[in-house]
Amino acid sequence: MSAIKLSKPQWSSQRIFILAAVGSAVGLGNIWKFPYIAGENGGGAFVLVYLLCVALIGLPVLMAEIGLGRMGKANPPQAMANLAADFRASPLWALVGLAGVLAGLLILSFYTVIAGWAMDYFVQSAMGHFRGINSEQVGDYFDGLLANPWALLFWHTVMVALTLAIVAKGVKGGLEKALNLMMPLLFLILLILLGWSVAQASFQDSLRFLFAPDFSKLTWEAVLVAMGHAFFTLSIGMGAMMVYGSYLPKRYSIGKAAVWIVLADTLVALLAGVIIFTVVFGNGLAAGAGPGLLFQTLPVAFGQMSGGWFWGTLFFFLVVLAALSSAISLIEPAVSWVEQNWRISRVKATGLLGALVWLLGIGTVLSFNVWANVHFLPGKTFFDSLDFITANIMLPLGGMLIAVFMAWVVSDRQRQAEFRLMPGLDAAFKWDLRLIAPVGVLIVFASNLASDVWQQVVAVGVALVLYALYVYNRSRFNLYRVADKS
Ligand code: PHE
């Protein structure tokens with residue numbers, strides 16, 4: 001049996017692991033997606049459900065996923081195959097990793113398109129085009145950008161190329177330094193913007209919108225979106241955190257890292273939300289404006305601030321960096337799987353997968369112009385469909401299975417050795433993963449499926465595709481635990 005290459009620990013400190021994981025978690029999900037889906041789903045009640053999902057499902061699943069990566073010591077499909085062999089469970093568990101590989105590529109294909117918008121805004125802002133701009137002018141600018149598929153394609157290409165350049169070099173090279181600087185800076189700008197927001201008359205409206213729950217506005221679909229976003233924003237359910245965990249030395253505490261990741265991620269999202277809705281209500285804009293919300297609001301705030309040119313330019317630059325540090329974690333599960341199990345060099349694997357992602361991204365580019373009225377899932381553009389299938393179905397499903405595996409398949413002894421939690425916390429962790437997380441996901445799934453025939457079709461379709469993937473790739477799994485010779 002030829003041995004599969006295993007992942008070797010490579011984070012040089014606990015802090016750098018946390019930085020990389022926060023880099024993965026904090027991204028467009030926090031700054032771009034959270035505000036617009038909160039706006040579309042009525043605010044407060046949605047935010048409350050999202051926070052509950054983050055605390056009750058997100059945090060424990062995040063820990064479980066990092067732990068499985070470290071215990072399985074390989075790329076996500078192989079790590080799951082290793083663990084299934086260790087615990088005499090079905091090799092079908094490798095499917096969880098494989099589904100993650102696929103979900104990561106699908107997400108990345110639209111992620112780079114949106115990050116491209118931020119790139120365009122960075123350039124516009126740097127050239128001074130947003131000076132003193134009002135909300136109508138920003139709206140016009142944004143509409144013009146989206147109407148131009150060539151511009152979107154150009155920036156999408158730039159973002160894919162940047163992502164590939166970093167990933168080809170391996171996880172650590174260069175990234176460490178960038179993250180070190182960028183995370184604190186991003187935070188600083190958000191605080192400056194918060195200071196500006198507090199002084200606006202509409203600040204109160206923003207707080208009320210986001211934090212005073214009105215449950216009459218909450219639908220089951222909104223609960224699904226909130227839950228899906230908890231997975232998306234924490235980068236869980238698709239193997240990104242698993243692969244980062246596989247590079248984590250045994251001596252570091254997973255629990256502590258996970259708490260920091262969740263706190264940082266949630267704080268950035270809430271700050272972005274409060275700031276953006278201050279602009280929305282101060283300028284009579286619509287809270288439910290959709291994916292353009294960030295891009296139609298913040299230039300207005302910068303346009304009115306003193307030093308706004310500088311802060312605005314820096315802000316969009318940091319959004320690009322935050323997106324990049326997430327993008328590399330979206331493709332890392334796939335790259336490490338192709339590299340380790342297909343025995344293709346890292347550079348080639350990156351190139352191959354990058355080409356795939358770039359091609360698929362064209363569908364998202366067209367979703368905002370030429371294909372704006374073409375629906376893939378009912379009522380949803382290509383972009384909306386991809387977003388829905390990944391964030392609202394694949395990630396919660398993957399996260400649920402990760403929880404089930406950690407709490408039902410992994411032995412108590414192994415779990416305790418891996419996490420070293422105090423007895424009370426360990427029990428809470430285990431029972432949360434055993435019951436609360438999986439049942440929570442199932443209830444939300446079931447309530448949506450019950451009311452919606454086409455969601456049933458999508459669910460069955462996703463399951464079939466994944467099973468076919470498993471059958472096709474079965475021979476690539478080394479189903480015996482490879483001795484750790486490293
Ligand atoms: N968490 C990232 C964000 O909020 C997106 C992401 C999802 C990254 C899944 C990796 C895995 O932008």
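Helices are taken here as DSSP runs of H or I with at least four residues, numbered from the N terminus. In this predicted model, L56 is placed in helix 3, which spans residues 44-72. The relative accessibility of L56 is 39%, so that the residue counts as partly exposed.

L56 belongs to a nonpolar patch on the surface, whose other members are L48, L52, F215, W220, W408, W431, L435, I436, V439 and I443. Together these residues present about 1,100 Å² of accessible area. At least two residues of the patch are supplied by each of helix 3 and helix 18, the latter covering residues 423-451. Helix 18 accounts for the largest share of the patch, with five residues.

The largest pocket encloses about 370 Å³ of space. Its lining is made up of 21 residues, and those nearest the pocket centre are Y36, E40, K380, D384 and D387. Three elements give two or more residues to this lining, namely helix 2 (28-40), helix 10 (220-233) and helix 16 (382-409). The greatest contribution is that of helix 16, which provides five lining residues. Divided by class, the lining of the largest pocket contains nine nonpolar residues, alongside six polar and six charged ones.

Side chains of opposite charge can pair when their charged atoms come close. In the present model, with a cut-off of 4 Å between a side-chain nitrogen of Lys or Arg and a carboxyl oxygen of Asp or Glu, nine salt bridges are counted.

One of these salt bridges joins the side chains of D205 and R208, with an N to O distance of 3.4 Å. Both residues lie in helix 9 (residues 203-211), and because they are three residues apart there, about one helical turn separates them. D205 is partly exposed, at a relative accessible area of 32%, whereas R208 is exposed, at 52% relative accessibility.

A second pairing within a helix involves D412 and R415, whose side chains form a salt bridge at 2.9 Å, N to O. In helix 17 (residues 412-419) these partners are likewise three residues apart, and therefore about one helical turn separates D412 from R415. With 35% relative accessibility, D412 is classed as partly exposed, while R415 is buried, at a relative accessible area of 1%.

R415 also meets the side chain of D426 in a salt bridge of 3.0 Å, N to O. Since D426 is located in helix 18 and R415 in helix 17, this pair ties together parts that are eleven residues apart in sequence. D426 has a relative accessibility of 6% and hence counts as buried. Through salt bridges with shared partners, D412, R415, D426 and K430 are joined into one network.

Helix 18 thus figures in two of the features described: the nonpolar patch, to which helix 18 gives five residues, and the pairing of D426 in helix 18 with R415 in helix 17.

Methods. Residues numbered from 1 in each chain as written. Predicted model: local features only at pLDDT ≥ 70, side-chain atom pairs only at ≥ 80, totals over all residues. Heavy atoms only, no water. 1 Å grid on protein atoms, 1.4 Å probe; cavity = no way out; pocket = protein on both sides within 12 Å on 5 of 7 lines; lining within 4 Å. Points joined across faces, edges and corners; volume = space filled by probe spheres on them. Nonpolar A, V, L, I, M, F, W, Y, C, P; charged D, E, K, R; others polar. Patch = residues over 30% accessible without salt bridge, like charges linked within 9 Å, V, L, I, M, F, W, Y side chains within 5 Å. Areas by Shrake-Rupley, 256 points an atom, 1.4 Å probe, with all protein chains shown as cover. Buried < 20%, exposed > 50% of the residue type's maximum accessible area, 1.4 Å probe, protein only.
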